[in-house]
Amino acid sequence: MMTTVKQILDQKGSAFHAVRPTDSVFDALSLMAQFDIGCVLVTESDKLVGIFTERDYARKVVLKGLGSRDVKVGDLMTHKPYTVGLSGTADDVMATMTAKRFRHIPVVEGGKVLGIVTIGDMVKSIVNQHEKTIKQLESYIAGDLAAE
């Protein structure tokens, strides 16, 4: 049985942190540092308009010699980020993250942000699924089909 994004959010929670496009990069970084997270979602009137990550900061601020207090998140964010719905599977999300080199994907349904999943969430989910499969196989080999 494949683990869905909904199941992952049910376990980890659906909390996410967001800034506005008009907020400074410094404000976004402060929020990221406060919660020890690698990205913030960028919302406007409760609609997802972008994502701002540590990678965006390193490549678009630091390397260009810009000041984080002077630049707005909206100028540097990734516009229209890739999103996933609740029915997406951990395997599919992991494949997308690997192929596109993403570490964070917002979860959106019906235009509403429901949370965010990370590469760490995907790895944890897949490892848990593999552990369950191993236990089922061990039970099968031992002849105890009822144990799960």
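This is a dialogue on how the labels given to this predicted model follow from its values.

Student: What makes β1 and β4 the edge strands?
Tutor: Look at the order of the open sheet first. Its 4 strands run β1-β2-β3-β4, with mixed pairing. β1 (18–19) and β4 (78–79) each pair on one side only. That one-sided pairing makes them edge strands.

Student: How do you know that β1 and β2 count as paired?
Tutor: Two strands pair if DSSP finds at least two bridges between them. β1 and β2 (residues 39–44) have 2 bridges, so they meet the cut-off of at least two. Their sense is parallel. Ala-18 stands opposite Leu-41 in β2.

Student: What packs on the sheet there?
Tutor: Helix α2 (residues 25–35) does, touching β1, β2 and β3 (47–53). Its direction makes about 80° with that of β3.

Student: Why is the pairing of the sheet called mixed?
Tutor: Strands of a sheet pair through backbone hydrogen bonds, either parallel or antiparallel. β1 and β2 pair in the parallel sense. β2 and β3 pair in the antiparallel sense, over 6 bridges. β3 and β4 also run antiparallel. Both senses occur, and the sheet is listed as mixed.

Student: How do you know that β3 and β4 are paired?
Tutor: They are joined by 2 bridges, and the rule asks for at least two, so the pair counts. Ile-51 stands opposite Thr-78 in β4. Helix α3 (residues 54–62) lies across β3 and β4, at about 65° to β3.

Student: What makes the link between β2 and β3 worth a look?
Tutor: The two strands form a hairpin with 2 residues between them. Val-42 stands opposite Gly-50 in β3. Ser-45 in the turn has a positive phi of about 55°. Ser-45 is a residue other than glycine.

Student: Why is Ser-45 called exposed?
Tutor: Exposed means over 50% relative accessible area. Ser-45 has 72%, so it counts as exposed.

Student: Where is Asp-36, and what is its phi?
Tutor: Asp-36 is found in the loop between α2 and β2. Its phi is near 50°, a positive value in a residue other than glycine.

Student: Is Asp-36 buried or exposed?
Tutor: Its relative accessibility is 73%. The cut-off for exposed is over 50%, so Asp-36 counts as exposed.

Student: Why is Lys-47 called partly exposed?
Tutor: Buried is under 20% and exposed is over 50%, with partly exposed in between. Lys-47 has 46%, so it falls in between. Lys-47 lies in strand β3.

Student: Which residues does Lys-47 contact beyond its sequence neighbours?
Tutor: Leaving aside neighbours within four places in sequence, Lys-47 is in contact with Val-42 and Gly-111. Val-113 is 66 residues away in sequence, with a C-alpha to C-alpha separation of 7.3 Å.

Student: Why is Ser-125 called buried?
Tutor: Its relative accessible area is 9%, and buried means under 20%, so the label holds. Ser-125 lies in helix α6. It touches Thr-3, Ile-8 and Ala-90, not counting residues up to four places away in sequence.

Student: Which residues lie nearest the centre of the largest pocket?
Tutor: They are Ile-51, Thr-53, Arg-55, Thr-78 and Phe-102, out of a lining of 15 residues. The pocket holds about 290 Å³ of space. Recall that Ile-51 and Thr-78 stand opposite each other in the sheet.

Student: Which elements supply the lining of the largest pocket?
Tutor: β3, α3 and β5 (104–109) each supply at least two residues. The largest share, 4 residues, comes from α3.

Student: What makes up that lining by class?
Tutor: It has 5 nonpolar, 3 polar and 7 charged residues.

Student: What is the volume of the second largest pocket, and what lines it?
Tutor: The volume is about 250 Å³. Of 11 lining residues, the closest to its centre are Thr-3, Gln-7, Gln-11, Gln-129 and Lys-132. α1 (5–12) and α6 (119–142) each give two or more residues. α6 gives the most, with 6 residues. Thr-3 is also one of the residues that Ser-125 touches.

Student: How does the lining of the second largest pocket divide?
Tutor: Into 2 nonpolar, 8 polar and 1 charged.

Methods
Residues numbered from 1 in each chain as written. Predicted model: local features only at pLDDT ≥ 70, side-chain atom pairs only at ≥ 80, totals over all residues. Heavy atoms only, no water. Contact = heavy atoms within 4.5 Å. Axes fitted to C-alpha atoms, helices over the stretch in contact; angles between N-to-C directions. 1 Å grid on protein atoms, 1.4 Å probe; cavity = no way out; pocket = protein on both sides within 12 Å on 5 of 7 lines; lining within 4 Å. Points joined across faces, edges and corners; volume = space filled by probe spheres on them. Nonpolar A, V, L, I, M, F, W, Y, C, P; charged D, E, K, R; others polar. Buried < 20%, exposed > 50% of the residue type's maximum accessible area, 1.4 Å probe, protein only.
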